[in-house]
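Reader: Could you take me through this structure? I would like to begin with a single charged residue and move on from there.

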Amino acid sequence: MLTLLFLNAEFWKQVPCSEPYRVILSDVRDKLYSTHERSHHLLASGFSEIPEEATFTDVEQFLEPLELCYRSLCACGDRSVADGSLLDFLRQVSTFGLSLIKLDIRHESDRHTDVLDAITEYLGLGSYREWPEEKRQEWLLSKLNGKRPLFGPDLPKSEVIADVLDTFHVLAELPSDSFGAYVISMATAPSDVLAVELLQRECHVKKPLRGVPLFGKLADLEAAPAALARLFSVEWYRNRINGKQEVMIGYSDSGKDAGRFSAAWQLYKARGAH
């Protein structure tokens, strides 16, 4: 629908200066088109020649000129006009944002481990994958509390590592209200969540997505309460989440792993754990 509108020649007609509301809304039109095109380019190829400054990067920027028109109409005695289609549109934008729905991102924890293993090997620190959980947490927190970048464009990348990093780079480029949670499949330990926090920072995600650990296999479900307790004992992370944490438990993987009856019982116990 939006693409058809952009292809309509009438839509792009020059607006005379004697029509101030249409002048303001023509700028909205241009930015909305640029936002649509830039998002399409980034999703298709990871690159766009359209600068971010020519687009809407959050819903507040989109709402500002619309609210200006609404206030102006009310001040001029045209509230009946303001409370018509314009108010309806303001409510739609406030409800659905720039992207209509928020997209959750999902990667397995092992994929993040692959990336961090490549980084530590590149830095001459050894294999992150072989480190015990305590050492992983200590290193991740030291980097989260620091400001120096971990790696540059010369980091050796396999196809898997490039895919994960490209995902984070797209998160950094697209409007932040396009996304919801970052789901970490096959989560087992606090380091799985802290790893996502660090990778978001390293890839310059301006508004980091909330990390949501997904405990899938039977052993992971059994260990989930203790893993979360350890995660919440980390002061940096408690400050990051401000008292709110979303957790997912896996029905499909646990059923395949342990059978339906055992999985159902462990899921019941996991839901009741505090």
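Author: Certainly. This is a predicted model. Arginine 201 is partly exposed, with 27% relative accessibility.

Reader: Which residue does the side chain of arginine 201 meet in a salt bridge?

Author: Arginine 201 meets glutamate 202, with an N to O distance of 2.8 Å.

Reader: Is glutamate 202 buried or exposed?

Author: Glutamate 202 counts as buried, because its relative accessibility is 9% and the limit for buried is under 20%.

Reader: How many salt bridges does a search of the whole structure find?

Author: The search finds 10. One of them joins glutamate 52 to lysine 206, whose closest N and O atoms are 3.5 Å apart.

Reader: Which parts does that pair tie together?

Author: Glutamate 52 lies in the loop between helix H2 (20–45) and H3, and lysine 206 lies in the loop between H8 and E3, so the salt bridge ties together parts that are 154 residues apart in sequence. Glutamate 52 is partly exposed at 24% relative accessible area, while lysine 206 counts as exposed at 57%.

Reader: What about arginine 111: which residues are linked with it in a network of salt bridges?

Author: The network links Arg111 with Asp114 and Arg129. Between arginine 111 and aspartate 114 the N to O distance is 3.7 Å. Both of these residues lie in helix H5, three residues apart, which is about one turn of the helix. Arginine 111 itself is partly exposed, at 33% relative accessibility.

Reader: Turning to the interior, how many residues does the largest nonpolar core have?

Author: The largest nonpolar core has 45 residues, and those with the most contacts inside it are Leu116, Ile119, Trp139, Phe168, Leu171 and Tyr182. Among the elements that give two or more residues to this core are helix H5 (109–122), helix H7 (159–173) and strand E2 (179–185). H7 provides the largest share, seven residues.

Reader: What is leucine 171 in contact with, leaving aside its neighbours within four places in sequence?

Author: Leucine 171 is in contact with Ile105, Phe179, Tyr182, Val205 and Leu209. Another core, of 14 residues, lies apart from the largest one and includes Val28, Leu66, Cys69 and Ala82.

Reader: You mentioned E2. Why is strand E2 largely enclosed by the rest of the structure?

Author: Seven of the seven residues of E2 are buried, so the strand is largely enclosed.

Reader: Which strands pair with E2?

Author: Strand E1 (residues 103–108) runs parallel to E2 and is joined to it by five bridges, with leucine 103 opposite phenylalanine 179. Strand E3 (residues 210–215) also pairs with E2 in the parallel sense, over four bridges, and there valine 183 stands opposite valine 212. E2, H8 and E3 together make a right-handed β-α-β unit.

Reader: Now the aromatics. How many aromatic pairs does the structure hold?

Author: The structure holds six. In one of them, the ring centres of phenylalanine 62 and phenylalanine 89 are 6.0 Å apart and the planes meet at 80°, so the pair is edge-to-face. Phenylalanine 62 lies in helix H3 (residues 59–75) and phenylalanine 89 in helix H4 (residues 79–96), so the pair ties together parts that are 27 residues apart in sequence.

Reader: Is phenylalanine 62 buried or exposed?

Author: Phenylalanine 62 is buried, with a relative accessible area of 5%, whereas phenylalanine 89 is partly exposed at 33%. Ring pairs link both of these residues with Phe56 into a cluster.

Terms used
Residues are numbered from 1 along each chain as its sequence is written. This is a predicted model: local features need pLDDT of at least 70, side-chain atom pairs count only at pLDDT 80 or more; totals for chains, interfaces and linings use all residues. Side-chain values use heavy atoms; hydrogens and water are left out. A nonpolar core is a set of buried Ala, Val, Leu, Ile, Met, Phe, Trp, Tyr and Cys residues joined through side-chain atoms within 4.5 Å. Buried means under 20% relative accessible area, exposed over 50%, partly exposed in between (1.4 Å probe, protein chains only). Contact means heavy atoms within 4.5 Å. Two strands pair if DSSP finds at least two bridges between them. A crossover is right-handed if, with the strands pointing away from the viewer, the path from the first strand over the helix to the second runs clockwise. Rings of Phe, Tyr and Trp (its six-membered ring) pair if their centres lie within 6.5 Å; planes under 30 degrees apart count as stacked, over 60 as edge-to-face and the rest as tilted. A salt bridge is a side-chain nitrogen of Lys or Arg within 4 Å of a carboxyl oxygen of Asp or Glu.
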